[in-house]
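Take a look at the protein model below. We will walk through its pockets and then visit one pair of strands.

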Amino acid sequence: MSQPLLEFRQVDVFYGQIQALKEVSLTVNQGETVALIGANGAGKSTLLMSIFSQPRIAGGQICYRGEDISRKPTASIARCGIAQVPEGRRIFPDMTVEENLVMGTIPTGDRYQNEDKARMYQLFPRLEERRSQRAMTLSGGEQQMLAIARALMSRPQLLLLDEPSLGLAPLVVKQIFQVLRELTQQGMTLFLVEQNAHHALKLCDRAYVMATGQIRLSGTGRELLDNQEVRRAYLGGA
């Protein structure tokens with residue numbers, strides 16, 4: 001079997017005296033969509049942020065293409081081909097849509113900027129309509145689209161998404177996940193942290209369930225959708 005694109009090996013993270021991640025091990029293979037689900041406060045976002053050394057891990061290894069990146073500077077990790085769509089979007093509110101997209105090219109340079117902007121507008125037609133508007137004037141769903149498009153402007157090999165459905169109306173959530181599905185069909189590797197277990201498990205190839213900083217369950221998306229424990233805890237018993 002080929003080596004994972006991303007691998008956590010017995011990773012520990014602390015905030016002061018509080019242990020946020022406890023011996024976490026998981027893998028994301030090239031071309032896969034992998035989801036990490038769990039309740040609020042389970043440690044999901046901490047795990048995602050630790051890839052960029054924020055926070056820095058206290059034990060174990062985080063490997064990308066077989067190389068331990070857990071001690072690399074954040075900027076170096078971004079140049080390795082990893083892009084993140086952070087929780088809360090964190091767009092540049094006073095910049096236009098187009099200026100936000102250009103900011104996404106900083107880790108890799110602007111060689112393909114025009115080509116990639118055209119690709120983003122094809123993927124997100126609403127952004128093309130809003131290209132000259134300041135980002136703060138966009139709806140929440142449009143801001144989430146912009147955050148994803150900005151991350152894609154760096155042509156990542158691995159796209160990390162932290163709670164992309166958070167705070168969005170159901171119809172907008174459906175639209176966002178349709179775009180993510182298109183990306184998976186194009187062969188992009190996604191690692192998705194998400195409280196909306198139903199959408200995440202329907203999208204992903206494999207998934208992990210996290211509770212109190214530890215991996216409790218893992219399996220294919222279908223296996224976890226059918227798992228009674230998961231259904232009771234995260235799918236409303238449906």
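**Two pockets and a hairpin**

Start with a smaller space. The second largest pocket has a volume of about 160 Å³. Keep in mind that this model is predicted.

Who lines this pocket? Gln30, Arg119, Arg155, Pro156 and Gln157 do, along with Gln186, Gly187, Met188 and Thr189. Sort the lining of the second largest pocket by class, and you get five polar, two charged and two nonpolar residues. Pro156 and Met188 are the nonpolar ones, because Pro and Met count as nonpolar.

Now move to the largest pocket. About 650 Å³ of space lies in it. Its lining is made of 22 residues. Find its centre in the model: Phe52, Ala78, Gln84, Pro107 and Arg150 lie nearest to that point.

Which helices and strands supply the lining of the largest pocket? Helix H2 (74–78), strand S6 (82–85) and helix H6 (140–152) each give at least two residues. By class, the lining of the largest pocket has twelve nonpolar residues, five polar and five charged.

Next, turn to the strands. Strand S1 covers residues 6–15, and strand S2 covers residues 18–28. The two run antiparallel. Seven bridges join them. Trace one pairing yourself: Leu6 has Val28 in S2 as its bridge partner.

How many residues lie between the strands of this hairpin? There are two. Look at Gly16 in the hairpin of S1 and S2: Gly16 takes a positive phi near 65 degrees.

One last point helps when viewing strands. In a regular strand, side chains alternate between the two faces of the sheet.

How values were computed: Residues are numbered from 1 along each chain as its sequence is written. This is a predicted model: local features need pLDDT of at least 70, side-chain atom pairs count only at pLDDT 80 or more; totals for chains, interfaces and linings use all residues. Side-chain values use heavy atoms; hydrogens and water are left out. On a 1 Å grid over the protein atoms alone, a cavity is a set of points where a 1.4 Å probe fits but cannot get out, and a pocket is an open set with protein on both sides within 12 Å along at least five of seven lines; lining residues have an atom within 4 Å of a point. Grid points are joined across faces, edges and corners, and a volume is the space filled by probe spheres set on the points. Helices (H or I, at least four residues) and strands (E, at least two) are DSSP runs, numbered from the N terminus. Two strands pair if DSSP finds at least two bridges between them.
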